[in-house]
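Thanks for having me this morning. I would like to walk you through one structure, taking it a piece at a time, and I will explain each term when it comes up.

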Amino acid sequence: MTQMSKFIKTWTKYGIGLMTIGVTGFGLASVASAQTEVMQYPAGDPTQIVWKAQDSGGVRELSQFPFAYSFDTVNPQGDTVRKVFVSWSASLDTSSTPPLYRYSVSDDGGVTYRKDSNGNQIVKEEGVTFTNSIKKRDGSIVSVDFVPVPSSTTSSDWDINYHTSTDNGETWTHHVTAGDIGKVTFPVNVDWFRLHRGIVENSDGSLLAVAYGNFNTDPTDTIEQQQGSSIVTGSTRRDRAMLIKSVDGGVNWSYVSTIAYDRNLYNSYKQTGVIDRYDRYEGFNETALARTKDGNLLAVLRTGGYISLYQSRSTDNGITWSAPQLLPSVTDFNDQQSVDPDLLLMPNGTLVLSYGRSYTKLLVSDDGNGNSWTAPPLITYNEIPGSNTKETSGYTAIVPVGPNRLQVYGDTGANWSYPASDPVNRFSIWSKYVDIANTSRFNKIDLKTMHKLGQIAVSTDMNYTDSAHPEARVSGAFDGSTDYWSSAFKSGTAGSFQIDLNRIYRITDLGISLKNGSSQSASIYFSIDGTNWGQAVKSYSNAKHYALDYTRFNVPISARYVKVVATGTDGMVSLNEIELYTDEDTFENHPTPKAPTGYQNAKMAWVSEGDAFESKRSLIISDTSSTQIAEIFKYGVETATKSLSFRVNPKTIASAFMFDIKGVVTSGTTSVFHLAVFPDGSIKSYNGSSWVSVSAAGTVPMNSWSLIRVDATKTSANLYVNNTAAGTASPYANPANVESLNGFSFSSGGTVPVGDSVYVDDVLFQEYASAYYSFESDTVGSAPQGFVAGSTMATVSAAKAYAGTKSLRIFDNSASAIAKIEKAANASDYKALEFRAFLEAVPSAFIMNIMGEVTSGSDTIYHLAIFPDGSVKYYNGSSWIQIAGAGTVSNFHSWNLIRVEANKTAANVYINNNWIGTAGMQVNPSSVQSLTGFQYASGGTVPAGDDVYVDDVYYGP
């Protein structure tokens, strides 16, 4: 018998290319929106206290109204990490009290804060507020004060203090004296103003920021307010939110536009009954500003302490703004009302809004643009006065500390939250991690960790470095950040970035961010062998990215090598970030600590960062109970065979580590195979009455990663450890009762003894049975055994063979009949057809079909053909659609390797290890029930003469 092709053996070795649970696709297109999962850590009220106020000498210390800013730095270990500055107000919240701010610094993304040599937290008091701060592209930081220099009269020109740093905030130059301060200029006199939340840098280096206050020319309104038990009448000007701009690095600012102003909005509130007679409408003031994923500007604005937030959008970089509107899709008034919003565009493209009153809350916009918002769970902490231990001002701050993780900051109340006579100082600043993950993109390949461990190789000319920007380096392309300098760069107009993943993955999704904020073009290619690249799997033309842009593939594309070719015109090309996703459960984007999405019945099993295989996260099964078993399950489609593969690192096995193949049965246990690793490292299977040895002691070592694979039918299972056969297991369930296999589970060995603790990673569960046809034992001149020939023009031949003496010949020598042959197969949701083809002559076409079941019977699902010019096309039911052009198959009169990977959505086509494109169906996709067999045929009755040899056929999941 001839050997399988090298291509097939590569797939078989790693268990890739087979049907996997839960893999879906929506076409080769950017994914604009999907459901987002939000996980808080820790759950419940925040427990990490950044700073606890401490009275001294009878003086009450305050810590309230947090602000925060973060940016990328490179730590001594060479990792890109977020440096976080957290500031808070230590002064009374009154207009007559001079502002006093203090801050602390974290060098590890908010995990810890700097301490002195005595172990005391370092708190600085330098006047830097971090309410309006930005690290500019030139590497310097500017922080502009929240409150301008006091003025005794209204004016159109106001002085403002600012602070600068050229060493990442280690030291500051304070511009606070006459002749060395900034200025904000308005078109008319203003009574007062504040600068608030979010400086945005344009690609030309100019800066945009938000101010709020009122013009001296704005009319006044009469309002009613409650003071004690009385209602008093007063007058006020409604606040307006304004955009200002600096072209000198943040020193001087000038008015650009009014974002929002509406003195009549209160009347509409009264008419709808949203607020009572005590006027809470203030106008538009506290405003958060951010660049959205599509490059526009979004402002979210406060209108009052317990009334709705509004938002306004600019599509021309702040020159004009849309009319303010309530937050789209937020229908619960409790989720609309707020103070002090903060906006953040995450590296993964999710836009996050934090705010407070009541409680501390988040909203997320999956599309990254604020076109709609959803409300995840509360961050909690109520602000009802007098509750003491559940108090917050509602003022928050958020900063990114990873591609899917942010840190949210809040306080435990303001000076007006508690009575002045309160003997206990209850003021503090707290923080909490929040994971923001897309539920359809959990299984990321951890390129960052793999590169650091030397498990992937990068070949690139995008290796520009700059001592002023150490985060600019090759690994900047997968450091988890979309900050401008956290990228791989090349000086010039074109650059190439190639990754060798060290094995074949089935890639389900691609995430790309090109040069942040600048127009750039790029093409991304996948390859099996690093030599044949084919057409681009994704291309961009003059794209401007501010976050990752994601593409999901119709069918996962098999690749070991990934190449990005970027071009630009501004003298520097960049790959800001690349992400790859697979159909294995890698757990990298699953929120932690919780059970991974898609798994069920989790007890003492969750996603952990304690250990992982060449990555950051894995699944831990940790038995800490003498009354329960640690366990977790996952189910999928029913098939007659399954392959379960996973990495396992047993830290402690006091009893056993169990792994089961589950099934659908008529009666009895659903654990068709019940297997376990025991404390001595042996593997055993349970046959219903006793444990039977499968492999010897030491097969699975403790405190080390091993690869386990179980290939199971309904009657037996073969086990492999580190790609070496370990033994065969008998079923636990009665085979006569087993209808199909449909899931798996991991668990501890039992209730006692306690202490089983095992990490699991890279889980792949799939149908594994496949058929291989070499034709060596078939009779020349006849159809191969098990094949059904539509004529005598499809038979076994000894004239040519790829590796052996025989092959299947499809030879159309008739003008009145078609040469064709078909092989039936079990129904499944996924099929891979791979074969060698020698195209002796193709005057019409060489047809290769995948068959299937539809609602009304059976039909040809994928109808594909190679044409005389070497192009490859598929038939969509009415016409032939090109997949790849002329010359794609150029090796006529020699052997070609052809592979088609199909599911019930689409099919990927490979020629000579080269992905050439995606095929659609001949039938309506909604009618497809399953995929079954395959077929080869000539192109038609005339012209006759199609003559193709086929060998080494592989067909299966």
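Which side chain of opposite charge is nearest to R291, and how far away is it? Before I answer, please keep in mind that this is a predicted model, in which local features need pLDDT of at least 70 and side-chain atom pairs count only at pLDDT 80 or more, while totals for chains, interfaces and linings use all residues. Residues are numbered from 1 along each chain as its sequence is written, and side-chain values use heavy atoms, with hydrogens and water left out.

The nearest such side chain is D294, 7.9 Å away, and R291 is buried yet has no salt bridge. Buried means under 20% relative accessible area, with exposed being over 50% and partly exposed in between, using a 1.4 Å probe and protein chains only. A salt bridge needs a side-chain nitrogen of Lys or Arg within 4 Å of a carboxyl oxygen of Asp or Glu; Lys and Arg count as positive and Asp and Glu as negative, whereas His and the chain ends are not counted.

R291 lies in strand β19, residues 287-291, where a strand is a DSSP run of E with at least two residues, numbered from the N terminus. Its side chain makes a polar contact of 2.8 Å with that of N202, and another of 2.8 Å with that of N317. By polar contact I mean a pair of N or O atoms within 3.5 Å, where, within protein, one must be able to donate a hydrogen and the other to accept it, and residues adjacent in sequence count only if both atoms are side-chain atoms.

Let us turn to strand β28, residues 428-438, where eleven of the eleven residues are buried, so the strand is largely enclosed by the rest of the structure. S428 and W430 are among the residues pointing one way from β28, while I429 and S431 are among those pointing the other way. Strand β27, residues 405-411, pairs with β28 in the antiparallel sense over seven bridges, pairing being counted if DSSP finds at least two bridges between two strands, and G410 stands opposite W430. Strand β3, residues 48-52, also runs antiparallel to β28 and is joined to it by four bridges, with Q48 as the bridge partner of S431.

Finally, V760 lies in strand β49, residues 757-766, and counts as buried because its relative accessibility is 0%.
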